[in-house]
Amino acid sequence: MKKILPIKKLREEISIPGDKSISHRAIMLSSLGDTTVEIENFLAGADCLSTISCMKKMGVDIQIGKKISVTGNGLFGLREPENILDAGNSGTTLRLLLGLTAPQNFLATFTGDDSLRKRPMARVIKPLAEMGASIFGRNDNKNLPITVLKPEKKLHGITYKMPVASAQVKSAIILAALYADSPTTIIEPYPSRNHTEKMLQAFGANIQTSGNEIKILPAEKLTAPPKIIVPGDISSAAYWLVLAAILKNSRVKIKNVGINETRTGIIDVLKSMGAQIEILNVQESGGELSADLQVASSNLRGVEFGDEMIPRLIDEIPALAVAAAFAEGDTVIKDVGELRVKETDRLAAIVEEFNKISPKSFEATENTLTIHGGNKKVFAECKTYADHRMAMALSIFGAAADGVAIDDSECVKISYPNFFEILYI
Ligand code: S3P
């Protein structure tokens, strides 16, 4: 058990680690070029290290120092792994690499940890199979372990209407589509994070986007830039945005945060709740915007949202639920069924554990989370379900209330290794 004490104040300036989604993609795409790429501000969290380990097993030269350097063997230069590829806890590693290995002329078998082995993979295997890929998983959900066979012939382009807005599924199809014999079109219900599209465009791939549609042309080669600078992760900044807004007398500047519009739902919703957030010093690198976020103590009120907002803040809902518990009135978050298939069933986990800190405040149906704000908070012992985002959301909840004890603090290493150093000044 790790005990988090109530805190009065946050530090005035916070630097946050590199974006997890962009770090994964930087490793994967650099592996497909044929020059050396230096990756700055790479997130050395456990998930991105899983991606590095898988790419190394496919013959890519990756050096890990203060910066990461990746030297690929070209778009067609991946080699058959001699052993099983272990994606650990990382859905992004697994789903994107299923897309990348589907068109290769070799066999690859994947596994992962207890959480990842339970997560649904049929959603990504189905479109890849439509392209002609040969992928076998366990049971109807196509759970891990999964084996990808050399396809009988070159994959073909498809038009695929995605049933859920998922950047992981979209990115898997995009990566496979680079190797297909004709163009592929993907239609999303709502736009999900577009880091794969943006980075591939920076690598010279022909990808056109318009509204919810993405068209990918087959590629002959990718030309990597010499350097990729990863912006700070807005999903990690979310904990400080919320904590600074709900603590009294705080004013915090969070430096160098990625503000790609497919990820800034947290800022939009917190602002609509009354949070004082300013976006300063906007910069651009490799098609991705970043900025400093200035946030101050605010009086929050409950709000209602759903639909297209959800993919723009899907990983920030545990943190937002904490903000809602300190707001006046009810907050209703609709269309959040996807939370049930994250690292744990986050809707069930929020209701079970957050209610221990603020009794009778959190309710969920299959697809909706309702939070009754302003109730009394008490010290509680809570479970994280080995989910990094549950651990961090519970920690800021306890820190802003009467403290909390969590059963597993190690899991924050998945996305934010120095989280607790920042929490305690
Ligand atoms: C991610 C996409 C999202 C998100 C995950 C990272 C990505 O998952 O929850 O943490 O890097 O593409 P889905 O694509 O399943 O929504």
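Biologist: What makes helix 3 (residues 91-101) count as mostly covered?

Modeller: Happy to start there, with the reminder that this is a predicted model. A residue is called buried when its relative accessible area is under 20%. In helix 3, eleven of its eleven residues are buried. Among them are Gly91, Arg95, Leu98 and Thr101.

Biologist: How do you know that Asp233 is buried?

Modeller: The relative accessible area of Asp233 is 1%, and the cut-off is under 20%, so Asp233 is buried. Its place is in the loop between strand 14 (227-229) and helix 7 (234-246).

Biologist: Which residues does Asp233 touch, not counting those up to four places away in sequence?

Modeller: Asp233 touches Ile16, Pro17, Gly18, Asp19, Lys20, Val257 and Arg263. A contact here means heavy atoms within 4.5 Å.

Biologist: Let's turn to helix packing. Why is helix 5 called roughly parallel to helix 6?

Modeller: Helix 5 (residues 167-177) and helix 6 (residues 195-202) pack at an angle of about 30 degrees. Angles under 35 degrees count as roughly parallel, so helix 5 is roughly parallel to helix 6. Their axes are 9 Å apart.

Biologist: Which residues meet there, in helix 5 and in helix 6?

Modeller: From helix 5 come Lys170, Ser171 and Ile174, and they meet Thr196, Glu197 and Leu200 of helix 6. The residues of this contact divide into two nonpolar, two polar and two charged.

Biologist: Now the strands. What makes strand 2 and strand 16 the edges of their sheet?

Modeller: The sheet is open and has four strands in the order 2-15-17-16, with mixed pairing. Strand 2 (13-15) and strand 16 (276-285) each have a single partner strand, so one side of each is left without a neighbour in the sheet. From one strand to the next, the twist averages 20 degrees.

Biologist: How do you know that strand 2 and strand 15 pair?

Modeller: Pairing needs at least two bridges. Three bridges join strand 2 to strand 15 (residues 251-258), and the two strands run parallel. In this pair, Ser15 stands opposite Lys255 of strand 15.

Biologist: And what makes strand 5 a partner of strand 3?

Modeller: The test is again at least two bridges. Strand 3 (residues 36-40) and strand 5 (residues 68-71) have four bridges and pair in the antiparallel sense. Ile39 stands opposite Ile68 in strand 5.

Biologist: How many bridges join strand 4 to strand 5?

Modeller: Four bridges join strand 4 (residues 61-64) to strand 5, and these strands run antiparallel. Asp61 stands opposite Thr71 in strand 5. Strand 4 and strand 5 form a hairpin, with three residues between them.

Biologist: Stepping back to the whole chain, how do you know that its radius of gyration agrees with a compact globule?

Modeller: A compact globule with 425 residues would have a radius of gyration near 22 Å, and the protein has 21 Å, so the value agrees. The C-alpha trace spans about 60 × 45 × 40 Å along its principal axes. Buried residues make up 59% of the 425 residues.

Biologist: And what share of the contacts between residues at least 6 apart in sequence join residues at least 24 apart?

Modeller: That share is 75%. As for the secondary structure, the protein comes to twelve helices and 23 strands.

Definitions and conventions. Residues numbered from 1 in each chain as written. Predicted model: local features only at pLDDT ≥ 70, side-chain atom pairs only at ≥ 80, totals over all residues. Heavy atoms only, no water. Axes fitted to C-alpha atoms, helices over the stretch in contact; angles between N-to-C directions. Parallel < 35°, antiparallel > 145°, perpendicular 65-115°, else oblique. Nonpolar A, V, L, I, M, F, W, Y, C, P; charged D, E, K, R; others polar. Buried < 20%, exposed > 50% of the residue type's maximum accessible area, 1.4 Å probe, protein only. Rg over C-alpha atoms; globule rule 2.2 N^0.38 Å.
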